[in-house]
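Please open the structure in your viewer and display it as a cartoon. The tour below proceeds by selection, one stop after another.

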Amino acid sequence: MPKQPRQFRTQAIILSRRDFGESDRLLTLLTPARGKIRAIAKGARKPSAKLSGHVELFARSDCLIYKGRNLDILTQAELIEPYLGLREDLGRGAYANYVAELLDRFTADEEDDAGELFALLHQTLARIAGANDPRLAARFFELQLLDLAGFKPELSECVVSRLELQPAPQFFSFEEGGVVSRAAAPMVASRLLEIDFDTLKLLRHLQRSADAWGRVSSLRITPAQHSRAEGIMLGYIAHLLERKLESVDFIRRLRQFSPGALQ
């Protein structure tokens, strides 16, 4: 097999970054062909550095990367899409931080052919930056990401009996990975969370509309509906990851002390 070139050019979205050494930054990048990679941006913390404005958090850039022995090195970058709405609104930035952390947790480093993930993240950041309801964009992202990652929740039939669900309140089981009918509930030993039928219909609609954001974006969701759907999804995700996400705590604090930022 021919050796991979030591240097390659790719589009990348910056998922996270942290200080490294005296003047560098360690970046976590999502790329279409090479998946998630980590690279050092040399001197990026210096005010005069050419890279600094092109490797902003949650930005999409055209990057030239050199394959290092332990860590890759970002040698050039040109900003393509800054998703300005994420920088101008604290609430939108908080949701962007959430989807980036969520994707990071569900993906391994250097997975080949991450084109679908890259497209999903790009579309989601653009939606959060400009949509009327960024919270809805985050719910939509969760369900599409879980499908791509192989953890799609069962919302159409009972995970125990495999029978079609009736239009009535049901239960959701994190352990079973989906909805449990009221008739089958006594057969499940794990904890069950009640889910009303309107919330179930909303999650089904989001799950089935992978290529139809236009149909989703026109929905008008009340704060109470949002809270119920969020409770189901965040509980399921925390169960899968066996941990809570730091970005979720930040969103909750922001919602508590600055409610208007996340409406």
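The stops that follow concern strands, their pairing and one helix in a predicted model.

**First stop: strand β1 and its partners**

Begin by selecting residues 7-20, which make up strand β1. Add residues 60-66, strand β4; the two strands run antiparallel and are joined by seven bridges. To inspect one position along this pairing, select T10, which has C63 of β4 opposite.

Next, keep β1 in view and select residues 24-31, strand β2. Here too the strands run antiparallel, with seven bridges between β1 and β2. Strands of a sheet pair through backbone hydrogen bonds.

Where does F20 find its bridge partner in β2? Select D24, for this residue is the partner of F20. Then move to the hairpin of β1 and β2, where three residues lie between the strands. Among the residues of this hairpin, G21 adopts a positive phi near 65 degrees.

**Second stop: an open sheet**

Now turn to the sheet whose three strands follow the order β7-β6-β8, with antiparallel pairing. Select residues 178-180 for β7 and 193-195 for β8: these are the edge strands, each pairing on one side only. On average, neighbouring strands of this sheet are turned by 45 degrees against each other, direction ignored.

Add residues 170-173 to show β6, which three bridges join to β7 in an antiparallel arrangement. Within this pair, F171 stands opposite V180 of β7.

Finally, select helix α5, residues 197-208, which packs on the sheet. The helix α5 touches β6, β7 and β8, and its direction makes about 80 degrees with that of β8.

Technical notes:
Residues numbered from 1 in each chain as written. Predicted model: local features only at pLDDT ≥ 70, side-chain atom pairs only at ≥ 80, totals over all residues. Heavy atoms only, no water. Pairing = 2+ DSSP bridges. Helix = DSSP H or I, 4+ residues; strand = E, 2+ residues; numbered from the N terminus. Axes fitted to C-alpha atoms, helices over the stretch in contact; angles between N-to-C directions. Contact = heavy atoms within 4.5 Å.
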